[in-house]
Amino acid sequence: MAMNLRLTDSESEALRAKAEQEGRSMQEVARTAIAQYVSDRPQRLLSAIQRVRTEDRELLERLSK
C-alpha cells in the first residue's frame, strides 16, 4: 500500500540525517520506526496505566468509595 507522509522541515532533516548515519534509506528508517512504535504500544500503555495507579493511588481510592 502506498502512502504519502508529510513531515515538517525539521522532521525531514532529522530523518535524512538518521538514514545517512545508519547507511539506510529514509523509507527504511521510517518503516522501522513505525514498526517499533506499533509493537511497543501495548507495553507503553501498561506502563502508563501502572504509573497512574501508583501516582494517583490516593485519589483513585477516594473515588472508588
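Val52, Leu59, Leu60 and Leu63 together make a nonpolar surface patch of about 350 Å² in this predicted model. Helix H3, which runs over residues 57–63, supplies the largest share of the nonpolar patch, with three residues. Leu63 is a good one to pick out on the screen: this leucine lies in helix H3. Why does Leu63 count as exposed? Its relative accessible area is 62%, and the cut-off for exposed is over 50%.

Stay with helix H3 for a moment, since charged side chains are found there too. Arg62 and Glu58 meet through their side chains in a salt bridge, with 3.3 Å from N to O. How far apart in helix H3 are Arg62 and Glu58? They are four residues apart, about one turn of the helix. Both Arg62 and Glu58 are exposed, so each of them has a relative accessible area over 50%.

That pair is a good way into the charged contacts of the model. Side chains of opposite charge can pair when their charged atoms come close. How many salt bridges does the count come to? The count comes to four salt bridges, where a side-chain nitrogen of Lys or Arg has to be within 4 Å of a carboxyl oxygen of Asp or Glu.

Another of these contacts takes us to helix H1, residues 9–22, which holds both Arg16 and Glu13. Their side chains meet in a salt bridge, and the N to O distance is 3.4 Å. Arg16 and Glu13 are three residues apart, about one turn of the helix. Are these two residues buried, partly exposed or exposed? Arg16 is partly exposed, because its relative accessibility is 40%, and Glu13 is partly exposed as well, with a relative accessible area of 43%. Both values fall in between the cut-offs of under 20% for buried and over 50% for exposed.

Now move along the chain to Glu22 and Arg24. The side chains of these two residues meet in a salt bridge at 2.7 Å, N to O. Arg24 is partly exposed at a relative accessible area of 29%, and Glu22 is likewise partly exposed, at 35%. Which residues are linked with one another in a network of salt bridges? They are Lys18, Glu22 and Arg24.

From the charged contacts, let us turn to the largest pocket. About 330 Å³ of space lies in the largest pocket. Its lining is made by Met1, Ala2, Met3, Leu5, Leu7, Leu15, Met26, Gln27, Ala30, Arg31 and Ile34. What kinds of residue are these? Nine of the lining residues are nonpolar, one is polar and one is charged. Which helix gives the largest share of the lining? That share, five residues, comes from helix H2, which spans residues 26–55.

Two of the lining residues, Met1 and Gln27, are worth a closer look. Met1 lies in the segment before H1 and counts as exposed, because its relative accessibility is 100%. Gln27 has its place in helix H2, and it too counts as exposed, because its relative accessibility is 54%. Along the chain, Gln27 and Met1 are 26 residues apart, and their C-alpha atoms are separated by 14 Å. Met1 can also be set against Arg24: here the C-alpha atoms are separated by 21 Å, with the two positions 23 residues apart along the chain.

The segment before H1 is also the place of Asn4. Asn4 counts as exposed, because its relative accessibility is 69%. From the C-alpha atom of Asn4 to that of Leu46 the separation is 31 Å, for two residues 42 apart along the chain.

One last distance brings us back to Arg16, which is found in helix H1. Arg16 and Ser39 are 23 residues apart in sequence, and their C-alpha atoms are 23 Å apart in space. This is the Arg16 whose side chain meets that of Glu13 in a salt bridge, so the reader can use Arg16 to go from that contact to the distance across to Ser39.

Key: Residues numbered from 1 in each chain as written. Predicted model: local features only at pLDDT ≥ 70, side-chain atom pairs only at ≥ 80, totals over all residues. Heavy atoms only, no water. Patch = residues over 30% accessible without salt bridge, like charges linked within 9 Å, V, L, I, M, F, W, Y side chains within 5 Å. Areas by Shrake-Rupley, 256 points an atom, 1.4 Å probe, with all protein chains shown as cover. Helix = DSSP H or I, 4+ residues; strand = E, 2+ residues; numbered from the N terminus. Buried < 20%, exposed > 50% of the residue type's maximum accessible area, 1.4 Å probe, protein only. 1 Å grid on protein atoms, 1.4 Å probe; cavity = no way out; pocket = protein on both sides within 12 Å on 5 of 7 lines; lining within 4 Å. Points joined across faces, edges and corners; volume = space filled by probe spheres on them. Nonpolar A, V, L, I, M, F, W, Y, C, P; charged D, E, K, R; others polar.
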